[in-house]
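Visitor: I would like a close look at the salt bridges in this model, taken pair by pair and with attention to where each partner sits.

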Amino acid sequence: MNHAAIHARMQHLATIARLPLSRGRWSGTAGIQAGKGSGSSIEFQDQRAYLPGDDPRHINWLASARSGTPTMKLYRAEVSPRVDLVVDLSPSMFIDEAKATRTWELAYFALESALRQGGHVRILALARRADGAPVEVAVAAALAHDWPAARQGAPAALADTVERLPLRAGSLRVFVGDLLDPSPPPPTVARLAAHAGQTLLLVPVSRAERAPEWPDAVEFEDCETGRRRRQIVDDAIRRRYAAAYERHFAQWREAALRRGVGMARIFAEGDVLAALRGEALAQGVVEIT
């Protein structure tokens, strides 16, 4: 897979589409996005009485003359928002070429969009290993090559692995993952939204998952563990699978809605910008100029 080409395409895409960082009120170091409090930008926000130690350059002399009490001008704080980019690198993310490509496209897009908007980005590469430990790597290691899909027995539940992530307080958490995990969604969503964080779930979805074309006899393989099972597939099984698949994501959508988390499934096939114009745009997970 040509990561340099994918990265270049996503750098261009980030000039057309973007994460909704401009809609938040963020904590962080000095930067270009709106902060939670007052600061030293040129945009007037409010005024209050002068307190000892205040910068006299920000005294509102006209208001002070009218009231007889020294009054301070308050300006909007501008910060570099913290962005924690969490990329799920478990084997199901790379089940076929289309989904693997879309996974890296979403990861690079989130990175470039956050950087273009002045974000202070930290990348957490999430591998659901058997011991439940997350894998943290630097930007180059996380986004420069495919993750080796080593099998180590039953993978840890997503909620347990996310619980160990060192998410920063007040950060925007962008989670790139397919959410194909049997554990209940609420604990994972709660952890991703904890400590005043705002969360976006970018969920790559392949056609082979949402509408599989199974023959009558299939040898299924668990991509996470390597276990195999031969199964006779009839129309009743196909219907149960389709219902269970939609019910699974309905539970994720409900958990996300309860926590104010943005969630969008993004199809792996076709042009990435066209895919983002679907659920991602409708749910406010991305903005497109």
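Visitor: To begin with one partner, is R168 buried or exposed, and what is its relative accessible area?

Guide: In this predicted model, R168 has a relative accessible area of 15%, and it counts as buried because that value falls under the 20% cut-off. The side chain of R168 meets that of D84 in a salt bridge, with 2.8 Å from N to O. Since R168 lies in the loop between α5 (158-163) and β5 (172-176) while D84 belongs to strand β3 (residues 71-88), the pair ties together parts that are 84 residues apart in sequence. D84 is buried as well, with a relative accessible area of 0%.

A second salt bridge joins the side chains of E105 and R102, at 2.6 Å from N to O. Both residues are in helix α3 (residues 97-116), and because they are three residues apart there, about one helical turn separates them. E105 and R102 are both buried.

A further salt bridge is formed by the side chains of R238 and D216, at 3.5 Å from N to O. This pair links distant parts of the chain, with R238 in helix α8 (residues 235-258) and D216 in the loop between α7 (207-210) and β7 (217-221), 22 residues apart. R238 is partly exposed, with a relative accessible area of 23%, whereas D216 is exposed, its relative accessible area being 53%. As for shared partners, salt bridges join R9, R102 and E105 into one network. The count for the model comes to 14 salt bridges.

Notes
Residues numbered from 1 in each chain as written. Predicted model: local features only at pLDDT ≥ 70, side-chain atom pairs only at ≥ 80, totals over all residues. Heavy atoms only, no water. Salt bridge = Lys/Arg side-chain N within 4 Å of Asp/Glu carboxyl O. Helix = DSSP H or I, 4+ residues; strand = E, 2+ residues; numbered from the N terminus. Buried < 20%, exposed > 50% of the residue type's maximum accessible area, 1.4 Å probe, protein only.
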